[in-house]
Amino acid sequence: MSTKAPEEKKYNKWIVILSIVIPVVVAALFGIKIPNVEPLSFLPPIYASTNGLTAIFLIAAFIAIKKRDYVLHEWLMKFCIGLSVAFLVMYVAYHMTSDSTVFGGEGVIKYIYYFILVTHIILSIAIIPLVLITYVRALSKRFNKHKKIARITFPLWLYVAVTGVIVYIMISPYYA
């Protein structure tokens, strides 16, 4: 017998589909360059700022839930999801119109950069199903289950948001 609420069960298929399709589509689009289009070179500081705002609003949402302000928490979390979607759209648009920037640092800083970048990328993929499951559990009013997974989702999502800003700061001197 399944312990999942009917509301949650109906979303599971979408969670699996989105968790697979989003990274695959992003990877595919990353390799596609739109010909004869002006590079959207203004986007990296904007999407890095979007990551920074996501981190700030995640922390605000954490504070709101600790204060038992459920309405504010819900609004902030929906806003964070919206910011993450906006980031993804801008990130893909930039990479479809611009060549990737190569990190030019050397020595220890290069290894630090690539460590941060690789963990950021891996966790940005892993965070997709975690955010969706956490959100659906809240929608289904399964708050004990929501809280349990949110304890994992929150720090990972915060790490992804913060390291997105760090990666931008570290690579920004090498933009063309």
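Reader: Hello! To start with a single residue, where is the place of L139?
Author: Welcome: this is a predicted model, in which local features need pLDDT of at least 70 and side-chain atom pairs count only at pLDDT 80 or more, while totals for chains, interfaces and linings use all residues. Residues are numbered from 1 along each chain as its sequence is written, and side-chain values use heavy atoms, with hydrogens and water left out. Helices are DSSP runs of H or I with at least four residues, strands are runs of E with at least two, and both are numbered from the N terminus. In that scheme, the place of L139 is in helix 4.

Reader: Does L139 count as buried, partly exposed or exposed?
Author: Buried means under 20% relative accessible area, exposed means over 50%, and partly exposed lies in between, using a 1.4 Å probe and protein chains only. L139 has 39% relative accessibility, so this residue counts as partly exposed.

Reader: How far apart in space are L139 and A126, C-alpha to C-alpha?
Author: Let's take the sequence before the space. Along the sequence, L139 and A126 are 13 residues apart. In space, their C-alpha atoms are separated by 21 Å.

Reader: Now for the whole protein chain: which pattern does it follow along the sequence?
Author: The protein chain has five helices and zero strands. Its C-alpha trace spans about 55 × 35 × 25 Å along the principal axes. Read along the sequence, the pattern is α-α-α-α-α.

Reader: How do helix 4 and helix 5 lie to each other: roughly parallel or roughly antiparallel?
Author: Their axes come within 7 Å and cross at roughly 150 degrees; such axes are lines fitted to C-alpha atoms, for helices over the stretch in contact, and angles run from 0 to 180 degrees between N-to-C directions. The crossing is left-handed, a word used if the near helix is turned anticlockwise from the far one by less than a right angle (right-handed if clockwise). Angles under 35 degrees count as roughly parallel, over 145 as roughly antiparallel, 65 to 115 as roughly perpendicular and the rest as oblique. Helix 4 and helix 5 are therefore roughly antiparallel.

Reader: Which helix supplies the largest share of the largest nonpolar core?
Author: A nonpolar core is a set of buried Ala, Val, Leu, Ile, Met, Phe, Trp, Tyr and Cys residues joined through side-chain atoms within 4.5 Å. The largest one here has ten residues, among them A55, C80, I127 and W157. Helix 2 (43-66), helix 4 (108-139) and helix 5 (143-171) each give at least two of its residues. The largest share, four residues, comes from helix 5.

Reader: Which residues does A55 touch, leaving out those up to four places away in sequence?
Author: A55 is one of the residues of the largest nonpolar core. Contact means heavy atoms within 4.5 Å. Beyond its sequence neighbours up to four places away, A55 touches L158, A161 and V162.

Reader: What kind of aromatic pair do F103 and Y174 form?
Author: Rings of Phe, Tyr and Trp (its six-membered ring) pair if their centres lie within 6.5 Å; planes under 30 degrees apart count as stacked, over 60 as edge-to-face and the rest as tilted. F103 sits in the loop between helix 3 (70-97) and helix 4, while Y174 is in the segment after helix 5, 71 residues apart. F103 counts as buried at 7% relative accessibility, and Y174 is partly exposed at 34%. Their ring centres are 5.3 Å apart with planes at 70 degrees, so the pair is edge-to-face.

Reader: What is the angle between the ring planes of Y113 and Y114?
Author: Y113 counts as buried at 4% relative accessibility, whereas Y114 is partly exposed at 33%. Their rings form an edge-to-face pair with 5.0 Å from centre to centre, and the angle between the planes is 80 degrees.

Reader: Which residues does H73 touch, not counting those up to four places away in sequence?
Author: H73 lies in helix 3. With a relative accessible area of 15%, H73 is buried. Outside the excluded neighbours, H73 touches A61, A64, I65 and H146.

Reader: Near what value is the phi of K141?
Author: Most residues other than glycine have a negative phi. K141, found in the loop between helix 4 and helix 5, counts as exposed at 63% relative accessibility. Its phi is positive although K141 is a residue other than glycine, and the value is near 60 degrees.

Reader: And where is the place of R68?
Author: R68 has a positive phi of about 60 degrees and is not a glycine. R68 is exposed, with a relative accessible area of 62%. Its place is in the loop between helix 2 and helix 3.
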